[in-house]
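Here are my notes after a first pass through the model. Have the structure open while you read, and tell me if anything looks off.

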Amino acid sequence: MGLILALKLALVPSLIGGVTLAGRRWGPAVAGWLSAFPVVAGPVLFFIAMEQGIGFAANAATGTLSAVLAILVFNISYAWAATRFAWQACLGIAFLAYAMMVFALQAWAPSLAAGAAAVLGALMVAQRVFPAVGKANAVPARASDMHWRMLAGAVLVITVTHFSAALGPRLSGVLAMFPVMASVLVAFSHRHSGPAFAISLLRGTVTGYYAFAAFCIALALSLPVVGMATAFLGSLASAVVIQATSRLYLQRR
């Protein structure tokens, strides 16, 4: 458990720091694209597989896939709220919309095939739903701001993983997709760089979620067949290939 706790404390905060720097260097679209990679949900599902077993984790991965719909609702709700409100109100609105979508997913409980079809369809239209914004530039923040972002990320991921496994495979899988990265990154970005930067960052996540969906689908299919180590490595490889392909798409845009 000590190693797992150390990973929780180090992995997500380090990624938040890296994505923040990427946003300042390459802009919000790249930052959003990077933040969508399964660096939060992947380790959460790995910890669940270690503690609850392969069958539990495979079902959880199906729930995590469908939770992409909830995170898209979070992102779009925040983006539209950001056109009118400060970041505090935007977070409240986005979390409320996210919670409503989670309840809807619990009632629906889609199969892997149904969830994959719904997520793919949602990703294909999601970018058109975001509000239009002008050019967004990052505003350099104080050094202490980076530390607060990383601390907030660590607190959120520990809280989510602590409670998720007790809630059953589907809900624990959905909570593995809890908007840890999105909420921390967008709130601080909105505060320091303005709503246009925050909206552009959230829109950029859509391209990255194709890799996330590929990871979840591969994991749910392969875990019961090839075992934990091979399943996670193969699923991660699938995500890397899709992520690289989506990067070429971003460069063309």
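1. How many of the 14 residues of H9 are buried? Bear in mind that this is a predicted model. The count is 13 of the 14, so H9 is largely enclosed by the rest of the structure.

2. On the geometry of that helix: H9 covers residues 180-193. From its first C-alpha to its last it reaches 19 Å, close to the 20 Å expected at 1.5 Å a residue. Have a look at what comes just after H9, too: Gly 194 has a positive phi of about 95 degrees.

3. Next, H5, which takes in residues 87-108, 22 residues in total. Its span between first and last C-alpha is 31 Å, again close to expectation, here 32 Å at 1.5 Å a residue.

4. Which residues of H5 are buried? They are Cys 90, Leu 91, Ala 94, Ala 97, Tyr 98, Val 102 and Leu 105. Looking down the axis of H5, you find these buried residues within an arc of 145 degrees, so they line one face of the helix. As for partners, the buried residues of H5 pack against helix H4 (54-82), helix H8 (169-175) and H9.

5. Turn to the other side of H5 and you meet exposed residues: Leu 96, Met 100, Phe 103 and Ala 107. If you are colouring the model by accessibility, these four names are the ones to pick out on that side.

6. Ala 109 deserves a point to itself. This residue follows H5 and sits in the loop between H5 and helix H6 (112-126). Its phi is near 50 degrees, which is positive even though the residue is not a glycine. Most residues other than glycine have a negative phi. Is Ala 109 buried, exposed or partly exposed? Its relative accessibility is 34%, and buried would need under 20% and exposed over 50%, so Ala 109 counts as partly exposed.

7. Last, the second largest pocket, which holds about 260 Å³ of space. It is lined by 14 residues, and the closest to its centre are Gly 42, Pro 43, Phe 46, Phe 232 and Leu 236. Helix H1 (2-26), helix H3 (41-52) and helix H11 (228-252) are the elements that each give two or more residues to this lining. What kinds of residue make up the lining? There are 13 nonpolar residues, one polar and no charged.

Technical notes:
Residues are numbered from 1 along each chain as its sequence is written. This is a predicted model: local features need pLDDT of at least 70, side-chain atom pairs count only at pLDDT 80 or more; totals for chains, interfaces and linings use all residues. Side-chain values use heavy atoms; hydrogens and water are left out. The expected span of a helix is 1.5 Å times one less than its number of residues. Buried means under 20% relative accessible area, exposed over 50%, partly exposed in between (1.4 Å probe, protein chains only). The arc is that of the directions from the helix axis to the C-beta atoms. Contact means heavy atoms within 4.5 Å. On a 1 Å grid over the protein atoms alone, a cavity is a set of points where a 1.4 Å probe fits but cannot get out, and a pocket is an open set with protein on both sides within 12 Å along at least five of seven lines; lining residues have an atom within 4 Å of a point. Grid points are joined across faces, edges and corners, and a volume is the space filled by probe spheres set on the points. Ala, Val, Leu, Ile, Met, Phe, Trp, Tyr, Cys and Pro count as nonpolar, Asp, Glu, Lys and Arg as charged, and the others, Gly among them, as polar.
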